[in-house]
Amino acid sequence: MNELLVYFFRAHSALRGVGLAVTLLLFTQCGGAAPADEADAVEEVHARAAVTVGRVQPDTVTDVLHLSAVTAYPAKDVLRATTTGYLIAPVPVLGQRVGAGQTVFTLQTKESRTLHLDKLTGDPRLHFSGIIRIPSPRAGVIATVDKLAGDYVQDGEQLGTVYDQTRFGFQLDVPVTQLRYVRTGQHCRITLPDGRVLEGVVAEALPAADVSIQTQRYTIRPVGKVPQLPENLAVTVDLDKTAPQVANTLPREAVLTDETQTNFWVMRLLNDSTAVKVPVKTGPEQNGRVVVLSPKFSPQDRIVLTGNYGLEDTAAVKLTR
């Protein structure tokens, strides 16, 4: 038998161009066995994707409507000159807080300046000095200053504006397709650009829609203490579309989709080495987790979390920690 094996190995060397298959066939017909290293070379090796897995978990989620809004001071008091004359110091500065009835601008009539009536100290019966004081009708913040000390102004000319902070709010434009989710008195969350979150409530709705973009404007009033914010600051408003409910969720990276984001699926392990494609119907996303409406996965189902991108159905995988 040993001599027969030597013969076939020599034949294999001589018939190198015929290939390994002929040699293996001769061994088989003669009752021989192929060497272990050559059998390993013939065996096809499949590449396996390294993946990590997780399981669905119940979470309390709420379907949230995300909209954009801007800060606004709807009540602005315009301070105007009540006569012709000159502005005298001091003149207010932007951002200055004023109280109700506090003098903001001071005018001197041109007659008073010509006759120097403001400097007369003789006859106490002379009550007219030519100094006109222009107060703020309510407490607020100086928003604009249109004239400076020494400027000559006409009767009725605008000197500046005062924002009424008690009427501060946010202007929210709601698409008409989402009006059913917004109502007066509804509480919401306002996220500022720096990440701070304020509580708010929907106050009023304007009885008209923008004809070009088909939105209706609502006013949102902040609840509690509010930092001083400029006008026209863009913020995000979150309104709850549904009441909180418990649902099964998966991490966002576990749910795959196509280019049009109309079809969604996950990769579920059949065993430790095979993953299958399972179409899913998704719900709202919250805090990086996506609600899986169907099918109903059991707590024992293992879902691929990472390494799932590009996997085909019944893909060969390798579990990693």
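Five bridges join β7 to strand β8 (residues 131–135), and the two run antiparallel. The model that shows this pairing is predicted. One register point fixes the alignment for the eye: Thr 106 stands opposite Arg 133 in β8. β7 also has a partner in strand β5 (residues 85–88), again antiparallel, over four bridges. There, Gly 85 stands opposite Thr 109 in β7. Strand β7 itself spans residues 103–109 and is mostly covered, with six of its seven residues buried.

Step back to the whole chain. Its secondary structure comes to four helices and 23 strands. The chain has 321 residues, and buried residues make up 31% of them. Take the contacts between residues at least 6 apart in sequence: 70% of these join residues at least 24 apart. The accessible surface comes to about 19,400 Å². Carbon and sulfur atoms own 54% of that surface.

Now turn to the barrel. It is closed, has six strands and runs β3-β12-β15-β14-β13-β16, with antiparallel pairing. From one strand to the next, the twist averages 40°. Strands of a sheet pair through backbone hydrogen bonds, either parallel or antiparallel.

Follow the barrel pair by pair. Strand β3 (residues 64–72) joins β12 through four antiparallel bridges. In that pair, Val 70 stands opposite Gln 171 in β12. On to the next step: β12 and strand β15 (residues 215–222) are joined by six bridges and run antiparallel. Here Pro 175 stands opposite Thr 215 in β15. Further round, β13 and β14 pair in the antiparallel sense over five bridges. His 187 has Val 201 in β14 as its bridge partner.

What fills out the nonpolar part of this region? The largest nonpolar core has 22 residues. Within this core, Phe 170, Leu 172, Val 182, Ile 190, Ile 220, Val 237 and Leu 239 touch the most other members. The elements that give two or more residues to the core are β3, β12, β13, β14 (197–209), β15 and β16 (234–240). These names recur from the barrel order, β3-β12-β15-β14-β13-β16. Apart from this core lies another, of 13 residues, among them Val 56, Leu 250, Val 278 and Leu 305. In soluble globular proteins, nonpolar side chains tend to be buried together.

Ile 220 gives a close-up of the larger core. Leaving aside neighbours within four places in sequence, Ile 220 is in contact with Gly 169, Phe 170, Leu 172, Cys 188, Ile 190, Gly 200, Val 201, Val 202, Ala 203 and Val 237. Several of these names are worth picking out in the viewer, including Phe 170, Leu 172, Ile 190 and Val 237.

Next, a polar residue. Is Gln 186 buried or exposed? Its relative accessible area is 4%, so Gln 186 is buried. Gln 186 sits in the loop between β12 (169–175) and β13 (187–191). Its side chain has polar company. The backbone nitrogen of Arg 183 is reached at 3.1 Å by the side chain of Gln 186. A polar atom of the same side chain lies 3.4 Å from the backbone oxygen of Tyr 181. Not counting residues up to four places away in sequence, Gln 186 touches Tyr 181, Gly 200, Val 201, Val 202, Leu 239 and Asp 240.

Set Lys 225 beside that. Lys 225 is found in the loop between β15 and β16. With a relative accessible area of 83%, Lys 225 is exposed. Glu 199 is 26 residues from Lys 225 in sequence, and their C-alpha atoms are 9.6 Å apart in space.

Finish with an open sheet. It has four strands in the order β4-β11-β9-β6, with antiparallel pairing. Which strands stand at the edges? They are β4 (76–80) and β6 (97–98). Each has a single partner strand, so one side of each is left without a neighbour in the sheet. For β4, five bridges lead to strand β11 (residues 158–163), and the two run antiparallel. Lys 76 has Tyr 163 in β11 as its bridge partner.

Conventions:
Residues are numbered from 1 along each chain as its sequence is written. This is a predicted model: local features need pLDDT of at least 70, side-chain atom pairs count only at pLDDT 80 or more; totals for chains, interfaces and linings use all residues. Side-chain values use heavy atoms; hydrogens and water are left out. Buried means under 20% relative accessible area, exposed over 50%, partly exposed in between (1.4 Å probe, protein chains only). Two strands pair if DSSP finds at least two bridges between them. A polar contact is a pair of N or O atoms within 3.5 Å; within protein, one must be able to donate a hydrogen and the other to accept it, and residues adjacent in sequence count only if both atoms are side-chain atoms. Contact means heavy atoms within 4.5 Å. A nonpolar core is a set of buried Ala, Val, Leu, Ile, Met, Phe, Trp, Tyr and Cys residues joined through side-chain atoms within 4.5 Å. Axes are lines fitted to C-alpha atoms, for helices over the stretch in contact, and angles run from 0 to 180 degrees between N-to-C directions. Accessible areas come from the Shrake-Rupley method with a 1.4 Å probe; for residues, only the protein chains shown count as cover.
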